[in-house]
Amino acid sequence: MPVEPLSQKEIEDRLAELPGWSLDGDRLTRSYRLASHFAATAMVVHIAQVQDKLNHHSDLTLGYNTVSLSVNTHSVGGAVTEMDFKLAHRVEELAAGHGAK
Ligand SMILES: C[C@H](O)[C@H](O)[C@H]1CNC2=NC(N)=NC(=O)C2=N1
C-alpha cells in the first residue's frame, strides 16, 4: 500500500482523536506508565507483535514501569503518514488491556 506524507493540518486533525499522543519534530510519540516493570515488558512484546503484523515499527523503549514509542515512516523519508496513525490507534487499543496510563 503506497503511503504519502500527511500535511500539518491532517496530522493535527488526527492527533485530536489520540489523547496522549503528540508530534515531536517529525515523529508521533507517546509514553505510557504501567503498574510494574514486568507489565511494561509484556506490553512491549504485545506492541512488537502488532508492529510485525502491520510491518510498521516504532522506536520502542522499555523503561522502569514505562513504555515509550516514537514513530514515523522510513519509506517516505521519515514523514508522518496514515501508517503511523494506524499503529498509534492499535497501540491505544491494546494499552487499555495492559492497564497502561
Ligand atoms: C521492507 C519493509 O516493508 C519496510 O522496511 C518497513 C518495515 N517497517 C517500517 N517501519 C516504519 N516505521 N517505516 C517504514 O517505512 C517501514 N518499512
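Welcome to this predicted model, in which the protein has a mean pLDDT of 97 and 99% of its residues reach 70 or more. The model also scores ipTM 0.95 and pTM 0.97.

## The strands and their partners

A good place to start is with the strands. β1 (22-24) pairs with β2 in the antiparallel sense over three bridges. Serine 22 has threonine 29 of β2 as its bridge partner. The two strands form a hairpin with two residues between them, and glycine 25 in the turn has a positive phi of about 70°.

β2 (27-33) also pairs with β4, again in the antiparallel sense, over six bridges. Two residue pairs help you trace this pairing: serine 31 has serine 68 of β4 as its bridge partner, and threonine 29 has serine 70. Threonine 29 is thus a handy landmark, being the bridge partner of serine 22 and also having a bridge partner, serine 70, in β4.

On its other pairing, β4 (residues 66-71) meets β3 (residues 59-62) in the antiparallel sense over four bridges. Here leucine 60 stands opposite leucine 69 of β4. These two strands form a hairpin with three residues between them.

The table gathers the three pairings for quick reference.

| Strands | Sense | Bridges |
|---|---|---|
| β1 and β2 | antiparallel | three bridges |
| β2 and β4 | antiparallel | six bridges |
| β3 and β4 | antiparallel | four bridges |

## Two faces

Which side chains of β4 are buried, and which are not? Val67, Leu69 and Val71 point to one face and are buried, while Thr66, Ser68 and Ser70 point to the other face and are not buried. β2 likewise has a covered face, made of Leu28, Arg30 and Tyr32, and an uncovered one, made of Arg27, Thr29, Ser31 and Arg33. The pair of serine 31 and serine 68 joins a residue on the uncovered face of β2 to one of the β4 residues that are not buried.

## The nonpolar core

The largest nonpolar core has 16 residues, and those that touch the most other members are Leu28, Leu34, Met43, Val67, Ala88, Val91 and Ala100. At least two residues of this core come from each of β2, α2 (37-54), β4 and α3 (82-97). Which element gives the largest share of this core? That is α3, with four residues.

Valine 91 is a good residue to look at here: leaving aside residues up to four places away in sequence, valine 91 touches Ile47, Val50 and Leu69. Leu69 is one of the buried residues of β4, and leucine 60 of β3 stands opposite.

## Threonine 66 and its surroundings

Threonine 66 lies in strand β4. Is threonine 66 buried or partly exposed? Threonine 66 is partly exposed because 15 other C-beta atoms lie within 10 Å, and a residue needs 20 or more to be buried. Apart from residues up to four places away in sequence, threonine 66 touches Ser31, Tyr32, Arg33 and Ala40. Alanine 35 is 31 residues away along the chain, yet the C-alpha atoms of threonine 66 and alanine 35 are separated by 8.9 Å.

## Loops and positive phi angles

Most residues other than glycine have a negative phi. Two asparagines here have positive values. Asparagine 55, in the loop between α2 and β3, has a phi near 55°. Asparagine 65, in the loop between β3 and β4, has a phi near 65°. Asparagine 55 counts as exposed because it has 8 C-beta neighbours inside 10 Å, whereas asparagine 65, with 15 such neighbours, counts as partly exposed.

Another loop residue to visit is glutamate 17, found between α1 (8-15) and β1. Glutamate 17 is exposed because 11 other C-beta atoms lie within 10 Å. Glutamate 17 and histidine 89 are 72 residues apart in sequence, and their C-alpha atoms are 9.3 Å apart in space.

## Around the ligand

Which residues are around the ligand? They are Asn55, His56, His57, Val71, Thr73, His74 and Ser75. By class, this shell has one nonpolar, six polar and no charged residues. Two of these names are familiar by now: Asn55 has the positive phi near 55°, and Val71 is on the buried face of β4.

Definitions and conventions. Residues numbered from 1 in each chain as written. Predicted model: local features only at pLDDT ≥ 70, side-chain atom pairs only at ≥ 80, totals over all residues. Pairing = 2+ DSSP bridges. Near = placed C-beta within 6 Å. Nonpolar A, V, L, I, M, F, W, Y, C, P; charged D, E, K, R; others polar. Core = buried A, V, L, I, M, F, W, Y, C linked by C-beta atoms within 7 Å. Buried ≥ 20, exposed ≤ 12 C-beta atoms within 10 Å, placed from the backbone. Contact = placed C-beta atoms within 7 Å. pLDDT = per-residue confidence, 0-100.
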